[in-house]
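Work through the exercises below with the sequence and coordinates open. Each task is followed by its solution.

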Amino acid sequence: MKSTGIVRQVDELGRVVIPVELRRNFEISDNNSLEIYVEDDKIILKKYDPSCVFCNTADNIQTYKNKNICQSCLNELSKKGNKKEQNTKNLEFIS
Ligand SMILES: [Zn+2]
């Protein structure tokens, strides 16, 4: 982990200002969201950038069982699910 040499005071409401140079470097603008992680004695802020676990796109992200998935991967998966169902039906019909 790299030290920036920057020390900031926490105000009475628990707020800390992220220095503008860091915000620029990480392309964090007003109203962007940050995800907060904890590692041992560290608090880590990461730009919140939800993306699909399968194809990494950030468009039309939905959450399914705590994972991010895009609409097109979701469509592909549900198509596969339907196919399986049909195959099962066919098997039942044959037997
Ligand atoms: Zn996807």
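Three exercises follow, on confidence, strand pairing and one residue.

This is a predicted model, in which local features need pLDDT of at least 70 and side-chain atom pairs count only at pLDDT 80 or more, while totals for chains, interfaces and linings use all residues. Numbering starts from 1 along each chain as its sequence is written.

**Exercise 1.** State the order of helices and strands in the protein chain, and find where confidence is lowest and highest.

Solution. Helices (H or I, at least four residues) and strands (E, at least two) are DSSP runs, numbered from the N terminus. The chain holds 2 helices and 4 strands, in the order α-β-β-β-β-α. The pLDDT, the predictor's confidence in each residue from 0 to 100, averages 88 over the chain, and 87% of the residues score at least 70. Helix 2 has the lowest mean, 76, and helix 1 (residues 20-25) the highest, 94. Where pLDDT is low, the predicted coordinates should not be read in detail.

**Exercise 2.** Describe how strand 3 and strand 4 are joined.

Solution. Strands pair if DSSP finds at least two bridges between them. Here 4 bridges join strand 3 (residues 61-64) to strand 4 (residues 67-70), and the two run antiparallel. Ile 61 stands opposite Cys 70 of strand 4. The two strands form a hairpin with 2 residues between them, and Lys 65 in the turn has a positive phi of about 50°.

**Exercise 3.** Classify Ser 72 as buried, partly exposed or exposed.

Solution. Ser 72 lies in helix 2 (residues 71-94). A residue is buried if 20 or more other C-beta atoms, placed from the backbone, lie within 10 Å of its own, exposed if 12 or fewer, and partly exposed in between. Ser 72 has 14 within 10 Å, so it is partly exposed. Of the chain's 95 residues, 3% count as buried.
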